[in-house]
Amino acid sequence: MIFYFSGTGNTKWAAEYIAAHTGERLVAIAGEPKKECRYTLADGERIGFCFPVHGWQPPAIVRRFIRRLIITNATNHYCFALCTCGDTVGDTISILNKDLRKRGLHVTAAFSLVMPESYVCLPFMYTDSEKREREKISIAKEQLEEFCKEIANRAKGVEHLKKGPTPRLYSYVIGGFFNSQMITDRPFRVEDNCVSCGLCAKVCPTANIVMNEKGLPQWRHESDCTCCLACYHYCPRHAINYGSITKRRGQYYFNKEKL
């Protein structure tokens with residue numbers, strides 16, 4: 001069983017790839033109930049967690065899901081995690097394991113996969129060039145094939161992580177501030193060139209967007225937004241922006257044609 005969360009599609013691709021090569025079933029975290037989540041595993045079933053790194057930490061939606069997670073027969077089942085990132089992951093897996101420990105789980109194999117950048121809401125963060133996108137995806141595909149072999153063989157004590165030079169600083173100080181203060185849907189706005197196609201509402205993984213009586217997207221402001229930016233990146237008219245900072249930024253979402 002692979003639990004996954006994905007916004008712009010990087011992690012969904014990786015989770016689907018692992019599932020196809022291991023025979024594990026996929027469970028979308030964003031689609032699960034907000035109350036207690038109970039599961040029973042089949043004999044020999046693996047437990048996997050796949051998610052993008054948000055501010056050098058697991059996304060809040062993943063951490064909340066783990067707090068609700070109950071697996072009645074998790075003992076002795078192989079447990080792994082794979083996180084996607086634009087560059088480095090810091091101490092993301094250490095934070096994940098602290099959360100999992102409270103649920104009687106522990107990741108014994110961990111992997112990070114560098115994928116095209118999608119977070120563009122800070123002054124120094126941009127999407128990659130199309131050439132760099134293709135390079136990252138090509139390298140990631142090769143790495144994912146190797147990771148799948150280790151997962152299929154239930155390798156333990158494995159850690160293929162690009163942590164970066166100061167993981168604790170990034171995850172606990174910078175990431176702590178980012179995830180507690182900067183995950184909000186309040187800055188999103190709709191530009192005049194919106195054509196009311198509704199794609200933003202369809203791709204939002206948490207159903208945080210509704211189309212109002214004017215046919216324009218409206219964010220719920222109910223703390224469900226993960227700032228994954230799927231609404232921004234998928235918009236065919238670049239009609240959604242996060243404040244003014246994204247007006248001249250690029251867009252990206254995973255496209256299998258780039259494999």
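Reader: What makes Lys 162 count as partly exposed?

Author: Lys 162 has a relative accessibility of 42%. Buried means under 20% relative accessible area, exposed means over 50%, and partly exposed is in between (1.4 Å probe, protein chains only), so 42% puts Lys 162 in the partly exposed class. Before we go on: this is a predicted model, where local features need pLDDT of at least 70 and side-chain atom pairs count only at pLDDT 80 or more, while totals for chains, interfaces and linings use all residues. Residues are numbered from 1 along each chain as its sequence is written, and side-chain values use heavy atoms, leaving out hydrogens and water.

Reader: Why is the meeting of Asp 87 and Lys 162 called a salt bridge?

Author: Their side chains come to 3.3 Å, N to O. A salt bridge needs a side-chain nitrogen of Lys or Arg within 4 Å of a carboxyl oxygen of Asp or Glu, so the pair of Asp 87 and Lys 162 qualifies at 3.3 Å. Asp 87 sits in the loop between β6 (79–85) and α3 (92–101), and Lys 162 in the loop between β8 (158–160) and α5 (167–181), so the pair ties together parts that are 75 residues apart in sequence. (Helices, H or I with at least four residues, and strands, E with at least two, are DSSP runs numbered from the N terminus.) Asp 87 is partly exposed, at 43%.

Reader: How do you know that Arg 38 and Glu 36 meet in a salt bridge, and which exposure class does Arg 38 fall in?

Author: The N to O distance between the side chains of Arg 38 and Glu 36 is 2.6 Å, so the salt bridge cut-off is satisfied. Arg 38 has 52% relative accessibility, so Arg 38 counts as exposed, whereas Glu 36 has 47% and is partly exposed. A search of the whole structure turns up 13 salt bridges.

Reader: What separates Arg 132 and Glu 135 within helix α4?

Author: They are 3 residues apart in α4 (residues 130–152), which means about one helical turn. An α-helix has 3.6 residues a turn, so residues three or four places apart point the same way. The side chains of Arg 132 and Glu 135 meet in a salt bridge at 3.4 Å, N to O. Arg 132 is partly exposed at 34%, and Glu 135 is partly exposed at 34% too.

Reader: How do you know that the span of α4 is close to what is expected?

Author: α4 has 23 residues and reaches 32 Å from its first C-alpha to its last, against an expected 33 Å. The expected span is 1.5 Å times one less than the number of residues. The buried residues of α4, including Ile 137, Leu 144 and Phe 147, pack against α1 (10–22), β6, β7 (109–114) and β8.

Reader: And α5, where does it bend?

Author: α5 bends by about 40° at Gly 175. That bend is the angle between axes fitted to the seven residues ending there and the seven starting there. Gly 175 is one of the buried residues of α5, and the buried residues of α5 pack against α3.

Reader: What makes Asp 99 in α3 buried or exposed?

Author: Asp 99 is at 11% relative accessibility, so Asp 99 counts as buried. Asp 99 touches Arg 63 and Ile 66, not counting residues up to four places away in sequence; contact here means heavy atoms within 4.5 Å.

Reader: Last one: what puts Arg 249 over the face of Tyr 126?

Author: Arg 249 is at 4.0 Å from the ring centre of Tyr 126. A charge sits over a ring if NZ of Lys or CZ of Arg is within 6 Å of the ring centre and within 35 degrees of the ring normal, so 4.0 Å meets the distance part of that rule.
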